[in-house]
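Reader: Hey, can you walk me through this one? I'd like to poke at a few spots and ask as we go.

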Amino acid sequence: MNSPNLSTAESRLRQQARQCIDNQQWEAAQAALESLVVQVPDDAMARLELADVLFQRGRLRESTALMLRVAQRLPRDADFIIKVTQRLVAVGETLAARSCLDLLAQAPGLPPEWLVSQAHLRFMLGEIASARALMESAMAAGIDSPGEQHLYAMLLQFSGDIDRACTVLENCLKRWPHFGDAAMVLVNLRKQKPEANRLDFVQEQLRQLPRDSKDPGAMFVRAEFEYAQFKVLDDLKRHEEAWPALARCNALMHELNPYDAAGEAAVTDALMRLPAPDNQVGRAGSGPVFDGPVPIFIVGMPRSGTTLLDRMLSGHSQVVSAGEIIDFWRQLHWAADVTPARAQGLLQIIQHSADIDYAELGARYLRQTQWRAQGRACYIDKLPANIQMVAFIRRALPHAPILHMVRDPVDTCFSNLKAMFGNVSSYSYDLQALAHYYGQYARLVRHWHDRLPGAMLDVSYASLVRDPESTLRGILEYCGLSLEENCLHPERNASPVATPSSAQVRESIHTRGLEQWRHYARQLEPLRQAIGAPAVNAD
């Protein structure tokens, strides 16, 4: 038993650490927590708080190592295990996070809110089936809120159960008619038709919602319903009415999420100043062959057709999709010992790029991701933003194919403009911001092709939908695979797909996505002029 003096000292250290954390005095908080851990070495919460403080101080590796030690000696406390798991997911320690979740799965009689927390974490790891099962258990146990109904509907959608997803969302909106998340997803799940659409409902909610509120929450909800109105009107081919709704949605979202043009340009400039790797790692397929399943990276602009390519490739008997995972980005931050901080974090990584152990980076990425292959020879890492990672991927994983999806610039930009990504992708809510962001992307693509010839294979979206067999045959050959019939029938692919276009990509291959922007050619003329001549060849 602790002496009274020790208990008093322990209490004083806890209070001191809490005050320092509340005041963001990280160095003093670290000192207090380190002293506390010495006095109470079995206090798992003190160690976890110390890991959090180290993270705040930019010491990512130390923080991660401490989290892993905590995960190896977890108390029988479900709430604490969930906290540890959340942090492990955030720093890319996927294997340890899954072990924590497996431990939680053995606990009997967990309250439904903890089942929901587990579902969120499984979803973040891309384990859609497990997340869906957990949500079904939570709902059977009585969990019931609009957010939970929305998550369950999304998991149904990603699993391909569109009818049930629609039913859940319709019931949700009957009870919570101003729940914009549900309205937005519902109108996206099916093409709206004259005989069956949600226009009257959406417009009624817009009449009831405040128009000029500057409350961010109210602005966001109104933007969601404006987006839903646009989607219905666009499906009904009432384009002159649809555009103002989209413009109002995007004006609200642009105000909520201003675009950082200077930050984006700074990242592109810094990436272009990276020293060119030697010839050994400049081309896919060069360098030593690693053991185990091979990752296939799909990169490009968002909404350029990356999901369609993913679905076609994962129809192959030797390929599975891991979805939009950010594991490489997370492992790169660990390798550079830089905590994630959007553009500033990437700029710091670039500054430290000469000191990165790329072999270790590649080994860490493979160790944390190869379970996703599920016994197949290849697994797809489909994250469009990895276009910024091409030089790092080539150094760390020289044998991994990189497929770069290329789509007509105006089609690509319009598809982003009408996507409503939420409070991310700030570039997509303003024509000039979109043109600038696309310009940075195109500039970087030209640079990769000039400095790293052969590092990635351009894949034309137009060719893929117009002549899928010959186009895909060349792609598979680049990946060391032969064509299989199922690859040409993405509608047969029953595996989960967790992207905004998950409902559309369960259809057979079609060309309806080509030149959709022409319905709004007059309104998009400033964008077309800002982009200028196609900077990336889409043919």
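Author: What follows is a chat about some helix packings and a few single residues.

Reader: Sure. What kind of model is it, and what is the cut-off for local features?

Author: It is a predicted model, where local features need pLDDT of at least 70, side-chain atom pairs count only at pLDDT 80 or more, and totals for chains, interfaces and linings use all residues. Residues are numbered from 1 along each chain as its sequence is written, and side-chain values use heavy atoms, with hydrogens and water left out.

Reader: Good. Let's start with helix 5 and helix 6: at what angle do they cross?

Author: Roughly 160°, and the axes of helix 5 (residues 78-90) and helix 6 (residues 94-105) come within 8 Å. Helices here are DSSP runs (H or I, at least four residues), numbered from the N terminus. The axes are lines fitted to C-alpha atoms over the stretch in contact, with angles running from 0 to 180 degrees between N-to-C directions.

Reader: So parallel or antiparallel, helix 5 and helix 6?

Author: Helix 5 and helix 6 are roughly antiparallel to each other. The labels go like this: under 35 degrees is roughly parallel, over 145 roughly antiparallel, 65 to 115 roughly perpendicular, and the rest oblique.

Reader: And which residues make the contact?

Author: From helix 5 it's Ala78, Ile81, Ile82, Val84, Thr85, Leu88 and Val89, and from helix 6 it's Ala96, Ala97, Cys100, Leu101, Leu103 and Leu104. Contact means heavy atoms within 4.5 Å. By type, the residues of this contact of helix 5 with helix 6 come out as 12 nonpolar, 1 polar and no charged. Nonpolar covers Ala, Val, Leu, Ile, Met, Phe, Trp, Tyr, Cys and Pro; charged is Asp, Glu, Lys and Arg; the others, Gly among them, are polar.

Reader: What about helix 4 and helix 17, how do they pack?

Author: Helix 4 (residues 60-72) and helix 17 (residues 327-336) pack at about 110°, with axes 8 Å apart. That makes helix 4 and helix 17 roughly perpendicular to each other. Leu60, Arg61 and Thr64 of helix 4 meet His333, Trp334 and Ala335 of helix 17. The residues of that contact of helix 4 with helix 17 split into 3 nonpolar, 2 polar and 1 charged.

Reader: Switching topic. How many residues of helix 21 are buried?

Author: 9 of the 9 residues of helix 21 (residues 409-417) are buried, so it is largely enclosed by the rest of the structure. Buried means under 20% relative accessible area, exposed means over 50%, and partly exposed is in between, using a 1.4 Å probe on protein chains only.

Reader: What covers the buried residues of helix 21?

Author: The cover includes helix 14 (239-256), helix 22 (431-451) and helix 25 (525-531). Asn250 is found in helix 14, and it touches Leu417, Ser428 and Tyr429, not counting residues up to four places away in sequence. Asn250 itself counts as buried, at 5% relative accessibility.

Reader: And which residue caps the N-terminal end of helix 21?

Author: Asp408 does, with a side-chain oxygen 3.1 Å from the backbone nitrogen of Val410.

Reader: Any odd backbone angles? Which non-glycine has a positive phi?

Author: Met420 has one, about 50°. Met420 sits in the loop between helix 21 and helix 22 and is buried, with a relative accessible area of 7%. Arg342 also has a positive phi, near 50°. Arg342 lies in helix 18 (residues 342-351) and counts as exposed, at 74% relative accessibility.

Reader: Now Arg132, buried or exposed?

Author: Arg132 is buried, with a relative accessible area of 18%. Arg132 is part of helix 8 (residues 128-140). Leaving out residues up to four places away in sequence, Arg132 touches Tyr152, Leu155, Leu156, Ser159, Asp161 and Arg164.

Reader: Which side chain shares a polar contact with Arg132?

Author: Asp161, at 3.5 Å. A polar contact is a pair of N or O atoms within 3.5 Å; within protein, one must be able to donate a hydrogen and the other to accept it, and residues adjacent in sequence count only if both atoms are side-chain atoms.

Reader: Last one: what does the side chain of Thr307 join up with?

Author: Lys382, through a polar contact of 3.2 Å between the side chains. Thr307 is in helix 16 (residues 306-313) and counts as buried, at 7% relative accessibility.

Definitions and conventions
Helix = DSSP H or I, 4+ residues; strand = E, 2+ residues; numbered from the N terminus.
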